[in-house]
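Work through the exercises below with the model open. Try each task before you read its solution.

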There are 2 protein chains.
Amino acid sequence: MQAEIITIGDEILIGQVVDTNSTFIAKALNKIGVSVYQITSIQDDKSHILKAIEEAENNVDIIIITGGLGPTKDDITKTTIVEYFDDVLVQDTAVLRNIESLWEKYIKQSLSQVNIDQALVPSKATVLMNRFGSAPGMWLEKNNKVFVSLPGVPFEMRALINDAVVPKIQKQFELPFIMHKTLLVYGIGESNLANKIEDWEDSLPQFIKLAYLPSLGKVRLRLSAIGKDKQTIVSEMDKQIKQLMPQIKDVFVGFDEDGSIEVLIGKQLAAMGKTLATAESCTGGKIAERITSNSGASVFFKGSVVSYATSAKVDVLNVDNDLIEEYSVVSVQVAEEMAKNVQKLFKTDFAIATTGNAGPTKGDADVEVGTVCIAIATPTNVYAQEFQMGNHRTKVINKAVNKAFEMLQKEIFKN
Amino acid sequence: MQAEIITIGDEILIGQVVDTNSTFIAKALNKIGVSVYQITSIQDDKSHILKAIEEAENNVDIIIITGGLGPTKDDITKTTIVEYFDDVLVQDTAVLRNIESLWEKYIKQSLSQVNIDQALVPSKATVLMNRFGSAPGMWLEKNNKVFVSLPGVPFEMRALINDAVVPKIQKQFELPFIMHKTLLVYGIGESNLANKIEDWEDSLPQFIKLAYLPSLGKVRLRLSAIGKDKQTIVSEMDKQIKQLMPQIKDVFVGFDEDGSIEVLIGKQLAAMGKTLATAESCTGGKIAERITSNSGASVFFKGSVVSYATSAKVDVLNVDNDLIEEYSVVSVQVAEEMAKNVQKLFKTDFAIATTGNAGPTKGDADVEVGTVCIAIATPTNVYAQEFQMGNHRTKVINKAVNKAFEMLQKEIFKN
């Protein structure tokens, strides 16, 4: 069972918007045993939309289309679909009622004609009700192929995928079992890792595929398998991972499917009943932001001081000015002091501190661009390390965040 | 002049990685007058890669391929390209020297055979040197079409696009002029905006296309034009925007091409010589993170207190416990107090404070999920507003961040 995802919108093709919709849909489909053959992003152009749908129909069983269903003149997906299916638009009463109730609740204005027109759907379509917006999802079938058209607004599309599309696909088709296990590995490069596990990789059974996904201080090592027999796949995957584990135990952090490193850290801290605070300079709040983007963070995360200016390190974090003058604001000494002080300020068990220069200019610091010091405070100890993380601002920030989580992870799984 | 971007990698098609590479490339190509006809993401599969390249060759003039050039066994793009061009691999001495110097500088280990093999390139290819990694870019030509293969690691790909691909395309082709102007509009919905400017939209000349891009409290209104005569395009765009401006002056924030709202705020604060701090509860550091992800933030941004736990609001931000007990931790009173106190703590001219419950559970707060209070402190005043931002965690956080920037923007352009 294969699918193609077609995302429609000029904004994607001029690089104004990152297409996160197809990522979400691909993940949801994979989970239920539907492989994604291709993702195609095309312009709001009738002939191109028709061509893409036709080609997809030749290659796959399920075609999921997002975008171009809004109320404005640049949205042409619905009329194009009507043409493709040689159909007509009819008003759907339930959709109109849904729009009316959304407008009453949130917009508090009377419906205009363009809003009312959102209730027009192809007569052959099964409507998928959109709880969050005025554009309904539409499910159509032709020559045993399924075509689903969804709005491009991410949270509307997501709800429709989860609540309507996935259950309907599962009901209608008999699906194989797809399994991915992704090992999060920190602190070793891609080719070193590949050398280390070469013999194991070469002896993997044919139906297990291995992939390396390196990024800024971490590598995700993904094993994938697809087949009819769930039991065989699960037990063979388990066996292979058990054989691999002793070879990577120093660098293995957890399984990606259980969450990112910050989620794994959060679960561990919550289980231990321990708390965390952060003091961030060059990472500018990104460590806190990554932690708090996950629900349940309030159980273990107390907060952060983003001491971006040097003065804030002194005024808010009580770092001794003499220490800064003696060792520089980017130094292991200052990082350690920041970690200790934020730990005290927020009354936590653990603390992370970062101080560095992400560039492109030297800023407050007198050190080279890319120099970052990271400190970890534990209930009994504090230590810091200095790193050189290159001269690319975003890269430096993200590398520093990943390295800080890696260092903390080592500490909390030790304690 | 049209291009297709082909991104290769199973990680994209199983939804493990968001394809940001194609966004970057699309933007870079657009800027120099190359339209992107289609973005296609496909698996690490030889026959599929060959099919995608062949189809792209039929549709466009320039084909940019990323991914699958790593040193590990799952990387098959290079051998597939060799097959497509009926070519052979030869060792490139300059590439080998580049790899050796990278290894000497950063990896500090001897080269293994897989690393040395990275210096093998198709004999017909022009090598594009990769300063940041071992996989070189490759430029090939056939039937007057250009094929470029680049590594998928984002910062390596970006450097190659900027330093090698873009200049080479500009040198080789005579390109038309593409212009986008995107107006950032906050505080009005898509269909209301469309109604408001309908007459203006209907009178736009044929060669100017209009698009609405709504997202969490803001709409980006994009005008696009392409043509040979730069002067005509620029002056007509200017004229149209001048006519539109009076109709949207209450909700217009700036041009997207000049930067996001936080960049526009930063520029204004820097020009005024004023400073900013933030106190963040439900936004968890995301306001600080968005500000500091831009270089130059240190000129105006002093820092933030992420007071995630209620205790941190008392201990670190000195919010009166009685105030919290009387009005609730999520209240305009507490938000105002947080803004005033963080302004004082960091000695800044302006401050933003957020307190709210992003959900999914009630957490420390006793208010409904989705309730958010945002306060702005100015040199002379402080005020706060309460909002209901729905029940979707990520959406609540991002809406709150956008609303906070919108409120601050209004204040600083007033002052």
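**Exercise 1. A residue in the core**

Which residues does A:V342 touch, not counting residues up to four places away in sequence?

*Solution.* Some ground rules come first. This is a predicted model: local features need pLDDT of at least 70, side-chain atom pairs count only at pLDDT 80 or more, and totals for chains, interfaces and linings use all residues. Residues are numbered from 1 along each chain as its sequence is written, while chains are lettered from A and ligands numbered from 1 in the order in which they are written.

Step 1. Fix the term: two residues are in contact if their C-beta atoms, placed from the backbone, lie within 7 Å.
Step 2. List the partners. A:V342 touches A:A277, A:T278, A:A279, A:V305, A:L317, A:A351 and A:A353, with residues up to four places away in sequence left out.
Step 3. Place A:V342 in its setting. The largest nonpolar core has 212 residues, and A:V342 is one of those with the most contacts inside it, along with A:A339, B:A339 and B:V342. Such a core is a set of buried Ala, Val, Leu, Ile, Met, Phe, Trp, Tyr and Cys residues joined through C-beta atoms within 7 Å. A residue is buried if 20 or more other C-beta atoms lie within 10 Å of its own, exposed if 12 or fewer, and partly exposed in between.

**Exercise 2. The ten-strand sheet**

In what order do the ten strands of the open sheet stand?

*Solution.* Step 1. Fix the terms. Strands (E, at least two residues) and helices (H or I, at least four) are DSSP runs, numbered from the N terminus. Two strands pair if DSSP finds at least two bridges between them.
Step 2. Read the order: β17(A)-β16(A)-β15(A)-β13(A)-β14(A)-β14(B)-β13(B)-β15(B)-β16(B)-β17(B), with mixed pairing.
Step 3. Look at the edges. β17 (382–388) of chain A and β17 (382–388) of chain B each have a single partner strand, so one side of each lacks a neighbour in the sheet.
Step 4. Check one pair. Strand β16 (residues 371–377) of chain A runs antiparallel to β17(A), joined by seven bridges. Within this pair, A:C373 has A:E386 as its bridge partner.
Step 5. Add the helix. Helix α16 (residues 393–414) of chain B packs on the sheet and touches β15 (350–356), β16 (371–377) and β17 of chain B. The direction of α16 makes about 25° with that of β16(B). Axes here are lines fitted to C-alpha atoms, for helices over the stretch in contact, and angles run from 0 to 180 degrees between N-to-C directions.

**Exercise 3. One strand inside the sheet**

How many residues of strand β13 of chain B are buried?

*Solution.* Step 1. Count: five of the five residues of β13 (residues 276–280) are buried, so the strand is largely enclosed by the rest of the structure.
Step 2. Sort by direction. B:L276, B:T278 and B:E280 point one way, and B:A277 and B:A279 point the other way. In a regular strand the side chains alternate between the two faces of the sheet.
Step 3. Find the pairing. β13(B) and β14(B) run parallel, joined by five bridges. B:T278 has B:S304 as its bridge partner.

**Exercise 4. Where the chains meet**

How many residues of chain B are in contact with chain A?

*Solution.* Step 1. Count: 79 residues of chain B contact 79 residues of chain A.
Step 2. Find the main contributor. Strand β14 (residues 301–307) of chain B gives the most to its chain's side, with seven residues.
Step 3. Relate the copies. A turn of 180° and a shift of 0.0 Å along the axis lay chain B on chain A with an RMSD of 0.0 Å. That is the relation of a two-fold axis. The superposition uses least squares on the C-alpha atoms of residues with pLDDT of at least 70 in both copies.
Step 4. Compare the surfaces. 100% of the interface residues of chain B are also interface residues in chain A, so the copies meet through the same surface.

**Exercise 5. A residue in β3**

Is A:I63 buried or exposed?

*Solution.* Step 1. Locate A:I63: strand β3 (residues 62–66) of chain A.
Step 2. Count: A:I63 has 23 C-beta neighbours inside 10 Å, so this residue is buried.
Step 3. Name contacts beyond four places in sequence: among them are A:E4, A:I6 and A:F147.
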